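Work through the exercises below with the coordinates open in a viewer. Each task is followed by a solution in steps.

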Amino acid sequence: MPKIKKILIANRGEIALRIMRTAKEMGISTVAVFSEADRDALHVRYADEAVCIGPPASSSSYLDQDKIIKVCKDLNVDAIHPGYGFLSENAGFANKVAENGLIFIGPSASAIETMGDKLAAKAAVAKYDVPLVPGTEKAIDDIPEAKAIAKEIGYPILIKASAGGGGKGMRIVEKEAAFEEQMNRAISEAKSAFGDGSVFIEKFVTSPKHIEFQILGDQHGNIVHLFERECSIQRRHQKVIEEAPSSCLTPEVRDAMGKAAVGVAKACNYYGAGTVEFIVDNELNFYFLEMNTRLQVEHPVTEEITGIDLVKEQIKIAEGEKLPFKQEELSFTGHAIELRVYAEDPANNFLPDIGNLTVYRRPEGPGVRIDDGFEEGMDIPIYYDPMIAKMTVYADTREKAIDRIIRAIDEYEIVGIETTLAFGRYVFNHEAFRSGKFDTKFVDQYYSPEDLKIALTKDEEQVASLLAAHILDSKKSKTKSINATVKAESKWKKRAWR
């Protein structure tokens, strides 16, 4: 297979920039596509070439397969990298790319199709002795039959959309009396979100951890895992904070989960970068959840602890190269934590926010990595995902990484919109997170907007008390200097938390 000389990135924002940077290091030219809303975006300016492909709505721009293919032909592009979201897990698009003589930097269309259907995925991995949550083996829409199955499995149960993701088409049912209503809602939501109302039933594992394994496979049958990521801090079934490695896994459980993850990849002849997701109970029993057949948002934490550039490996695999390492040669060091900085108001049920970044200054210093696609003065558009940036820190130990990300949060200055920075600081200071004794119910159990407001008020009061003490104990001239210092700290924190 020939070397790739030019890549079109069928995406936007921070992931488009992330891919372009690796491509540039590899001597590969890049092409950006953009909507009218992203005309001044950073990924557009960074690319070697850029083409506007439509109006702001993603259905008329970033999801328009024919326009993207046409740009490739017009500019003699060799390969397409889909990033994540948009067309990254669209088997039809992967097929179309291949049919037009282009390289799709991702897995085969058949692998995407198999793992995109949760029931098909469960059937495929069962042959490899991968632990599965008890539940139905096929889609079901007959409510009396479904109710009988739920009773046999035992409540609480989980109704899930077969073609679902991101928490859509998912309903937790605690009691039989609520089953019929919740199943109808799940079917309706699945039809609306995915055009497919198929649902299935699983036993709901109470208080689970959400742990995933990074996979790399080449086109010669070699598959390895790059260890795990802990992704249990979530809101609305979507991740906000990730870390690697997990603080709860023993070496034995890590090894068993890694082998299971490789088995999942083998079940669909997987190549490229992918992620196998598991739920883990409080006794460290683990069960296969799903496979994401693309690069994950949280891939930086894996890169930090392994030193492996996942995008570079994706490109090399797409070129037909063999993996340069075997499983026994892989290891990790230190600890990495990522906070997704969303344009959301954590004091108002994480309601998305839009507006202008009147102040936008990134944190710096040792071990801090910012993946973003914005700069000061830019607007946060209403048309796309509200994520502004991913802030990742690395340190020798988990404790040092927690302290480092709190420092970075305090340095991050964002004015003009509400963000999840304050929520991140709240989590990282919480005893449940520091001890590692938390699960996907963290927000339900420990967080409320009132808690966040109290935490912010205490910080403001602490600054005020410090100022008063200095005024009482210092001379007038010295007080003036200290007064300026303390006020500056207060202003900094106020700006960083907005």
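The exercises cover backbone geometry, two buried residues and one sheet, all in a predicted model.

**Exercise 1. Cis peptide bonds**

Task: Find where P156 and P245 lie, and state the form of the peptide bond that precedes each.

Solution.
1. P156 sits in the loop between α7 (143–153) and β6 (157–161). The bond from Y155 to P156 is cis, and its omega is near 0°.
2. P245 belongs to the loop between β11 (238–244) and α9 (251–267). The bond joining A244 and P245 is cis, with omega about -5°.
3. For background, most peptide bonds are trans.

**Exercise 2. Positive phi**

Task: Locate S207 and H237, give the phi of each, and decide the exposure class of each.

Solution.
1. S207 is placed in the loop between β8 (199–203) and β9 (209–217). Its phi is near 50°, a positive value in a residue other than glycine.
2. H237 lies in the loop between β10 (223–235) and β11. Here phi is near 65°, again positive in a residue that is not glycine.
3. Partly exposed covers the range between under 20% and over 50% relative accessible area. S207, at 29%, is therefore partly exposed. H237, at 44%, is therefore partly exposed too.
4. Most residues other than glycine have a negative phi.

**Exercise 3. Surroundings of E277**

Task: Is E277 buried or exposed, and which side chain makes a polar contact with the side chain of E277?

Solution.
1. E277 is in strand β12 (residues 272–280).
2. The relative accessible area of E277 is 2%. Buried means under 20%, so E277 is buried.
3. Residues up to four places away in sequence are not counted among the contacts of E277. Those that E277 touches include H210, I211, E212, K239, F288 and N292.
4. The side chains of E277 and N292 are joined by a polar contact of 2.5 Å.
5. F288 is 11 residues from E277 along the chain, and 6.3 Å separates the C-alpha atoms of the two.

**Exercise 4. Surroundings of H210**

Task: Starting from the contact with E277, describe the setting of H210.

Solution.
1. H210 is part of strand β9.
2. With a relative accessible area of 8%, H210 falls under 20% and is therefore buried.
3. Setting aside neighbours within four places in sequence, H210 is in contact with residues including R229, C231, Q234, K239, E277, L289 and T440.
4. One of these, Q234, has a side chain in polar contact with that of H210, at 2.9 Å.
5. K239 appears in the contacts of E277 and in those of H210.

**Exercise 5. A sheet and its helices**

Task: Give the strand order of the open sheet that holds β6, β7 and β8, then name helices that lie across its strands.

Solution.
1. The order is β7-β6-β8, and the pairing is antiparallel.
2. β7 (170–173) and β8 are the edge strands; each has a single partner strand, so one side of each has no neighbour in the sheet.
3. From one strand to the next, the twist averages 20°.
4. β6 and β7 run antiparallel and are joined by four bridges. I159 has R171 in β7 as its bridge partner.
5. Helix α6 (residues 118–125) lies across β6 and β8, at about 55° to β8.
6. Helix α8 (residues 179–194) lies across β6, β7 and β8, at about 25° to β6.

Conventions
Residues are numbered from 1 along each chain as its sequence is written. This is a predicted model: local features need pLDDT of at least 70, side-chain atom pairs count only at pLDDT 80 or more; totals for chains, interfaces and linings use all residues. Side-chain values use heavy atoms; hydrogens and water are left out. Helices (H or I, at least four residues) and strands (E, at least two) are DSSP runs, numbered from the N terminus. Buried means under 20% relative accessible area, exposed over 50%, partly exposed in between (1.4 Å probe, protein chains only). Contact means heavy atoms within 4.5 Å. A polar contact is a pair of N or O atoms within 3.5 Å; within protein, one must be able to donate a hydrogen and the other to accept it, and residues adjacent in sequence count only if both atoms are side-chain atoms. Two strands pair if DSSP finds at least two bridges between them. Axes are lines fitted to C-alpha atoms, for helices over the stretch in contact, and angles run from 0 to 180 degrees between N-to-C directions.
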